Amino acid sequence: MAYEVFARKYRPRVFDDLIGQEAIAQTLRHAVASGRTASVYIFAGSHGVGKTSVARILAKALNCPNAKDGAPCGTCEVCESIARNECLDVVEIDAASNSKVEDVRLLRESVGYKPASCRFKVYILDEVQRLSGSAFDALLKTFEESPPLVRFVLATTELHKVPTTILSRAQVFRFQRAGLDDIVRSLRRICEAEKLTVEDEALRAIGRRARGSMRDSQKLLDQVVALAASKGGIAAADVAFLLGDATTDVVARCLAAIVRGSAAELLKELDQHVRAGGKPDALGADLMEALRGTLYLKTSGESSPLLEDVALPKEDLRPAAEALSEESLLYALQLLQEAQMNMREVRDPRLTLELVLVRLARVRELVSVGEILARLQRLESGAPRTTSVAPPPVASRPAPSPTPAPAPAPAPAVVPPAAAPRSAAPPPPSPPAPSARGGYQVPPEFARPGTAVATAPITLERVLAVWEQVREAGRQQSASLGRALERARIKGLAGGRLTIETSAPSFIFSQLETPALRDPLSALFRDALGGERLELAFERVSETPAEASSRPLPGASPAPPVVSPSPGTRSVYDEPVVKLAQRVLGSQSTAGGW
Ligand SMILES: Nc1ncnc2c1ncn2[C@@H]1O[C@H](COP(=O)(O)OP(=O)(O)O)[C@@H](O)[C@H]1O
Ligand SMILES: [Mg+2]
Ligand SMILES: [Zn+2]
């Protein structure tokens, strides 16, 4: 017998075969049993969640001579022919390749004919959102003219693209993505039927990768089985190998290395992962997932359902959740996310990841520029040390220590532990972090000015402190604004006019000058600066080789604001707080990567 892919072989044949989607099955059974089916159904949901399967089961239920309580038998001639898609009265049409009005006209003609052998004629239109506007109109007419014993099931992955005229005629069912447990259950069922020995963790790894699609999970199982056909059983490592994935062990060790601040260990793990046939971007993705899980754990607690989709067990995430601040985690995620995008384009994705791993080893030392500025301002204003700013999100440590435990900051005993809330009793300021000397990139969340700063008049350092936040918000708001801000830097502030310079290509630059981008950007600054307005001016600069070489390497986050003094505009270097910063931190600390 020819090999049949699992997705087809194990397509649910009757309602009871369905895993998940119980409410939908229940409602449909009920409607069939009571003879009150709608004439038009819309099944909405992502790929591989059972829309086609349920449509066929409904067609069987309507026509099966042995149907009981609205459920088809699944084994009679009618049920079999519908399952094989050979029944003349159950017509499946792919709207994606029959999207024109002429195609629907043909459908309209055929609707009028009597069923060949069944009671109901059922039309299943897949990807119905792909129909052209006039085709939708024709479909609407078809609904109006169709005889009482015709049923339509329109399946779509994009419900929002279906016109309201159609929606208002239909009963809509939304198919949920399958949960991990359901996917594992369905895979387990297949493995049992196929007499395959597969580790539970292997099924879970497949399930996670399928991201809610039953069909994808079954395809992956097909591949794993083909790969491991000669072996006795299938282990999680086989799946990891097939997917080019890092095993959970590797990811767990990487996470621990981040907590310890060991770049060397991280690089070693990557090396071993690549030697074992793994792909760098897969390790990056898995590490990202682990850090995301850590963030969930930290923000939502142990019982968060969000943790279900994370491969690493909580025990592996906990040390990181305790040692790393939310800000550090967000920054680490941002670094990885940018690296993931870059890795697709660069020739040497491994190098990209290596650079990021080295940075990840230092996220625990991170001190926000907002904090430093606030601290400096206080120092400058001569405030007594005991009434200083809130503690930094992460206590800065001079050098990575080999212990995984979050070491307390090298500051007086009253300093709360790293994970203490920011509003904790104000400790004396710890000496400026040595790590800040390299001029950390500022993650957007860091760039919040302290409250003391927020009420002050607009100064350049206030703008600089919110710059990354504004940039990130811009990125979130629209792709074009994000692109326009990618290579932008704050040049200076003079008389309420903020000059932003950018080496963006001219077509992007010209967009910045239109209200379409200028207005939202100005609004973002206004929000970030507590309602105060800034006038924005833009200058285009061509990137000099020197600048280009000081730009962070691939995988790095966008350049920090580099400010050069220019006549007429007040330079950031003239700001007292920056002068002070230079004195305290040992000069030249405003620019440059880490
Ligand atoms: N709810 C489910 N229960 C069991 N298997 C399912 C379910 N949903 C999907 N599948 C599996 O995935 C395959 C594809 O499902 P299908 O109904 O074609 O999805 P869709 O039409 O939503 O893309 C099916 O053949 C079946 O093997
Ligand atoms: Mg389908
Ligand atoms: Zn039947």
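**Exercise 1. Describe how E3 and E4 pair, and place E4 in its sheet.**

Step 1. E3 and E4 are joined by five bridges and pair in the parallel sense. Strands are DSSP runs (E, at least two residues), as helices are (H or I, at least four), and both are numbered from the N terminus. Two strands pair if DSSP finds at least two bridges between them. This is a predicted model: local features need pLDDT of at least 70, side-chain atom pairs count only at pLDDT 80 or more, and totals for chains, interfaces and linings use all residues. Residues are numbered from 1 along each chain as its sequence is written, chains are lettered from A and ligands numbered from 1 in the order in which they are written, and side-chain values use heavy atoms, with hydrogens and water left out.

Step 2. Take one position. Val122 stands opposite Arg151 in E4.

Step 3. Move to E1. E1 and E4 run parallel and are joined by five bridges. Within E4, Ala44 has Thr156 as its bridge partner.

Step 4. Add E5. Strand E1 (residues 40-44) runs parallel to E5, with four bridges between them. In E5, Ala44 is bridged to Arg174.

Step 5. Assemble the sheet. The five strands form an open sheet with parallel pairing, in the order E2-E3-E4-E1-E5. Strand E2 (90-94) and strand E5 (171-174) are the edges, each pairing on one side only. On average, neighbouring strands of this sheet are turned by 15° against each other, direction ignored.

**Exercise 2. Decide whether E4 is enclosed or open to the surroundings.**

Step 1. Fix the cut-offs. Buried means under 20% relative accessible area, exposed over 50%, and partly exposed in between (1.4 Å probe, protein chains only).

Step 2. Recall strand geometry. In a regular strand, side chains alternate between the two faces of the sheet.

Step 3. Check each face. Val150, Phe152, Leu154 and Thr156 on one side of E4 are all buried, and so are Arg151, Val153 and Ala155 on the other.

Step 4. Conclude. Seven of the seven residues of E4 are buried, so E4 is largely enclosed by the rest of the structure.

**Exercise 3. Find the helices that lie across this sheet, and describe the packing of H5 on H6.**

Step 1. Helix H2 (residues 22-33) lies across E1 and E5, at about 150° to E5. Helix H6 (residues 133-145) lies across E1, strand E3 (121-126) and strand E4 (150-156), at about 150° to E4. Axes are lines fitted to C-alpha atoms, for helices over the stretch in contact, and angles run from 0 to 180 degrees between N-to-C directions.

Step 2. Choose the descriptors. Two packed helices are described by the angle between their axes and the distance between the axes.

Step 3. Apply them. The axes of helix H5 (residues 101-111) and H6 come within 8 Å and cross at roughly 10°. H5 and H6 are therefore roughly parallel to each other (angles under 35 degrees count as roughly parallel, over 145 as roughly antiparallel, 65 to 115 as roughly perpendicular and the rest as oblique).

Step 4. List the contact (heavy atoms within 4.5 Å). H5 contributes residues including Val104 and Leu107, and H6 contributes residues including Ala138 and Leu139.

**Exercise 4. Characterise the zinc site.**

Step 1. Find the donors. Cys64 (SG), Cys73 (SG), Cys76 (SG) and Cys79 (SG) coordinate the zinc ion (ligand 3) at 2.2 to 2.4 Å. Donors are N, O and S atoms within 2.8 Å of the metal (3.2 Å for Na, K and Ca); water is not among the atoms, so sites may look incomplete.

Step 2. Read the spacing. The donor residues follow C-x8-C-x2-C-x2-C in sequence.

Step 3. Assign the geometry. The four donor atoms subtend angles of 103 to 119°, which makes the arrangement tetrahedral. Four donors count as tetrahedral if all angles lie between 85 and 135 degrees; four count as square planar and six as octahedral if opposite donors are over 155 degrees apart and all others between 65 and 115; anything else is irregular.

Step 4. Check burial. Cys76 is buried at 12% relative accessible area, and Cys79 is buried at 0%.

**Exercise 5. Describe the sheet E6-E7-E8.**

Step 1. Three strands form an open sheet in the order E6-E7-E8, with mixed pairing. Strand E6 (488-494) and strand E8 (535-540) are at the edges, each with a single partner strand.

Step 2. E6 and strand E7 (residues 497-502) are antiparallel, with six bridges. Ala488 stands opposite Thr502 in E7.
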